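These are my notebook entries on one structure. I looked up burial, helix packing and aromatic pairs, in that order of interest as each led to the next.

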Amino acid sequence: MSLKFDVSTEKGLASFNGAMALKSYVEGAAFSPVDIEYFSQFSSSPDQQKQPHAYRWYKHIKSLQTVRGLGSSAPVTENIV
């Protein structure tokens, strides 16, 4: 998959931050492999002061991966009971 934002650059991270202003997930209304793909591109947490929306998203995805026991490249599956 080709990522829309290059979060390794200031410009790309700024664009990603803006895109995440009103969203909890990169695509759609639920955690998906796209979130994992973007998360794996970060070498560290975004700066909370400079990129507050990217920072919020990063912390949210990190917590989901911790709770679900997912690695940065693990597939996402939903268990619906």
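I began with F5 in this predicted model. I found its relative accessibility to be 16%, and because the cut-off for buried is under 20%, F5 counts as buried.

I next looked for the aromatic partners of F5. The structure holds nine aromatic pairs. In one of them, F5 and F16 meet edge-to-face, with ring centres 5.9 Å apart and 75 degrees between the planes. F5 belongs to the segment before α1 and F16 to helix α1, so this pair ties together parts that are 11 residues apart in sequence.

I then turned to F16. F16 is buried, its relative accessible area being 0%. F16 also pairs with Y38: the ring centres are 5.3 Å apart and the planes stand at 25 degrees, so I entered the pair as stacked. This pair links distant parts of the chain, since F16 is in helix α1 and Y38 in helix α2, 22 residues apart. I noted that Y38 is buried, as is F16. I recorded one aromatic cluster formed by F5, F16, Y38, F39, F42, W57 and Y58.

Which residues of helix α1 are buried? In α1, residues 10-19, I listed G12, L13, F16 and N17. Viewed down the axis of α1, these buried residues fall within an arc of 140 degrees, so they line one face of the helix. An α-helix has 3.6 residues a turn, so residues three or four places apart point the same way. On the face of α1 turned away from the buried side I found the exposed residues E10 and K11.

I asked what the buried residues of α1 pack against. They pack against α2 (33-39) and α3 (52-68).

I examined α1 against α3 in detail. Their axes come within 7 Å and cross at roughly 75 degrees. That crossing makes α1 roughly perpendicular to α3. The contact is made by L13, F16 and N17 from α1, and by P52, H53, A54 and W57 from α3. I sorted the residues of this contact into five nonpolar, two polar and no charged.

My final entry concerns A30, which is placed in the loop between α1 and α2. Is A30 buried, partly exposed or exposed? A30 counts as partly exposed, because its relative accessibility is 43%. Setting aside neighbours within four places in sequence, I found A30 in contact with Y25 and D35.

Note on methods
Residues are numbered from 1 along each chain as its sequence is written. This is a predicted model: local features need pLDDT of at least 70, side-chain atom pairs count only at pLDDT 80 or more; totals for chains, interfaces and linings use all residues. Side-chain values use heavy atoms; hydrogens and water are left out. Buried means under 20% relative accessible area, exposed over 50%, partly exposed in between (1.4 Å probe, protein chains only). Helices (H or I, at least four residues) and strands (E, at least two) are DSSP runs, numbered from the N terminus. The arc is that of the directions from the helix axis to the C-beta atoms. Contact means heavy atoms within 4.5 Å. Axes are lines fitted to C-alpha atoms, for helices over the stretch in contact, and angles run from 0 to 180 degrees between N-to-C directions. Angles under 35 degrees count as roughly parallel, over 145 as roughly antiparallel, 65 to 115 as roughly perpendicular and the rest as oblique. Ala, Val, Leu, Ile, Met, Phe, Trp, Tyr, Cys and Pro count as nonpolar, Asp, Glu, Lys and Arg as charged, and the others, Gly among them, as polar. Rings of Phe, Tyr and Trp (its six-membered ring) pair if their centres lie within 6.5 Å; planes under 30 degrees apart count as stacked, over 60 as edge-to-face and the rest as tilted.
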